[in-house]
Amino acid sequence: MATVTKPSIPKGTRDFGAQEMVRRNYIFDTVRSVFKRYGFQPIETPAMENLSTLLGKYGDEGDKLLFKILNSGDFISSAGAPLHANADKAALQICEKGLRYDLTVPFARFVVQHQGELTFPFKRYQIQPVWRADRPQKGRYREFYQCDVDVVGSDSLINEVELIQIVDEVYQKLNINVTLKLNNRKVLAGIAEAIGAADAVVDITVAIDKLDKIGLDNVNAELESKGLSANAIAKLQPILQMTGTRQQKFDVLKQTLTSETGKKGIEELETLFAYIDALDLKLNVELDLTLARGLNYYTGAIFEVKANDVEIGSITGGGRYDNLTGIFGLDNMSGVGISFGADRIYDVMTQLNLFPDDAVARTKVMFANFGGADELYSLKALAQLRKAGVSAEIFPDAAKMKKQMSYADKKGIPFVALCGETEREAGTITIKNMLNGEQQTLSLADALNLLAN
């Protein structure tokens with residue numbers, strides 16, 4: 001007899017049951033409601049994009065994490081032989097498409113492709129899954145949902161301010177205590193210039209972006225492996241280890257950064273903090289000069305949000321990108337956006353028990369099934385309750401009462417409606433409270449009042 005293989009799913013992916021989906025939808029609905037209130041409109045893009053759209057947009061490390069899709073049909077014979085020795089070029093011979101790595105690059109492609117149909121500045125939100133061939137671990141999945149909000153076609157810092165307000169409002173509604181860390185890529189470029197390593201700004205940002213994960217010594221080792229001189233690395237240390245108030249950090253930066261790029265970055269940060277202070281947000285916002293955000297396309301302000309009460313990576317991140325659409329042929333189209341990581345937010349809320357009591361996948365009342373005329377009477381009453389907005393169901397079979405009650409109990413249904421001959425003739429419903437066992441016989445109107453509350 002053949003062995004039956006137990007079904008499974010790929011590592012880094014998950015199934016979501018009814019309870020999990022209700023809670024995830026609570027997060028999505030909360031985030032979506034805030035996005036809409038700020039004037040953002042929804043779009044969706046395909047799960048797969050042409051590889052030419054994705055490759056080269058996330059840096060070398062990001063490219064390695066792209067899931068590539070084999071061409072359909074007899075792709076090997078049509079690829080030609082031999083396959084290219086370079087892995088990326090070989091992949092292009094047999095893979096024309098890939099699963100999207102984030103929502104920002106597909107959004108840039110969308111803007112360029114549909115530019116004639118859009119009104120600029122264009123404000124969009126997008127809630128969809130993305131995929132990364134990463135090593136699965138706590139808080140890091142291969143398939144996960146992002147809730148993105150972006151403005152493209154404006155370089156005003158008011159857009160950054162509104163994104164910070166959105167972060168403040170979302171996490172107040174979700175009751176998560178967070179800190180938003182803020183930096184600017186122009187400041188990082190100015191630092192690279194100040195230490196004599198202007199050409200290595202990408203290597204520097206990629207390395208220091210890992211500071212929280214791998215520590216200072218390993219960051220320095222990585223910078224050395226990338227060819228930075230010992231002198232440049234030594235000059236970088238005071239920046240990486242800088243402490244003090246926000247103003248003290250700005251004072252040091254103004255003394256250290258002499259390039260126009262660096263000065264512009266300081267000016268933008270000071271402007272943002274002036275707005276933040278004036279708005280008196282509940283959100284805790286910190287200047288973090290080690291914040292780099294590893295993606296290559298960021299050019300200005302960069303954001304990262306961390307939960308204060310749970311050990312987990314960032315739960316929101318983003319920044320300004322001045323010419324992401326330029327890689328698709330549309331120049332001078334600045335944009336800025338942030339992405340809420342729904343899966344990490346879910347993990348934080350679960351760990352801290354923050355979901356409201358009504359975020360449950362539960363029927364309010366189940367009608368017991370006595371069959372025959374009683375069944376029809378129950379169906380009519382059931383229709384009235386559903387019409388009034390009460391979540392209700394009927395047990396599909398006229399089974400033994402013990403089985404029906406066990407079903408309701410296992411599903412956590414708080415009320416069971418009993419409609420037998422007596423109720424049918426009197427035009428009433430008997431409602432049993434499954435928590436305390438109490439029963440009361442009510443008119444349909446009174447039953448509705450009880451169940452609707």
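**Questions on a predicted model: loop, helix and packing**

Biologist: Where is Lys 282 found?
Modeller: Look between helix α13 and strand β8 (284–287). Helices are DSSP runs of H or I with at least four residues, strands are runs of E with at least two, and both are numbered from the N terminus. Lys 282 is found in the loop between α13 and β8.

Biologist: How were the residues numbered and the values obtained?
Modeller: This is a predicted model: local features need pLDDT of at least 70, side-chain atom pairs count only at pLDDT 80 or more, and totals for chains, interfaces and linings use all residues. Side-chain values use heavy atoms, with hydrogens and water left out, and residues are numbered along each chain as its sequence is written, from 1.

Biologist: Is Lys 282 buried or exposed?
Modeller: Its relative accessibility is 66%. Buried means under 20% relative accessible area, exposed over 50%, partly exposed in between (1.4 Å probe, protein chains only). At 66%, therefore, Lys 282 counts as exposed.

Biologist: Which residues does Lys 282 touch?
Modeller: Residues up to four places away in sequence are not counted. Contact means heavy atoms within 4.5 Å. Lys 282 then touches Asp 168 and Gln 172.

Biologist: What separates the C-alpha atoms of Lys 282 and Ile 315?
Modeller: Along the chain, Lys 282 and Ile 315 are 33 residues apart. In space, their C-alpha atoms are separated by 18 Å.

Biologist: Is Thr 53 buried or exposed?
Modeller: Thr 53 is found in helix α2 (residues 51–54). Its relative accessibility is 8%, so Thr 53 counts as buried.

Biologist: Which residues does Thr 53 touch?
Modeller: Again, residues up to four places away in sequence are left out. Val 105 and Arg 109 are among the buried residues of helix α6. Thr 53 touches both, and a third residue completes the set: Val 105, Arg 109 and Phe 328.

Biologist: How many residues of α6 are buried?
Modeller: Helix α6 (residues 104–113) has 10 residues and is mostly covered. The buried ones include Pro 106, Phe 107, Phe 110 and Val 112. The number buried is nine.

Biologist: What covers the buried residues of α6?
Modeller: Helix α2, the element that holds Thr 53, is part of the cover. Strands contribute too. The cover includes α2, β2 (48–50), β5 (122–131), β6 (143–152) and β10 (316–321).

Biologist: At what angle do α1 and α7 pack?
Modeller: Helix α1 (residues 18–37) and helix α7 (residues 158–174) have axes 10 Å apart. Axes are lines fitted to C-alpha atoms, for helices over the stretch in contact, and angles run from 0 to 180 degrees between N-to-C directions. The angle is about 145°.

Biologist: Which residues of α7 meet α1?
Modeller: From α1 come Tyr 26, Thr 30, Val 31, Val 34, Phe 35 and Arg 37. The contact residues divide into seven nonpolar, one polar and three charged. Here Ala, Val, Leu, Ile, Met, Phe, Trp, Tyr, Cys and Pro are nonpolar, Asp, Glu, Lys and Arg are charged, and the others, Gly among them, are polar. On the α7 side stand Ile 166, Glu 169, Val 170, Lys 173 and Leu 174.

Biologist: How far apart are the axes of α8 and α13?
Modeller: Helix α8 (residues 185–194) packs on helix α13 (residues 260–279) at about 145°. Among the meeting residues are Ala 189 and Gly 190 in α8, and Gly 262 and Gly 265 in α13. The contact residues split into four nonpolar, four polar and four charged. The axes are apart by 7 Å.
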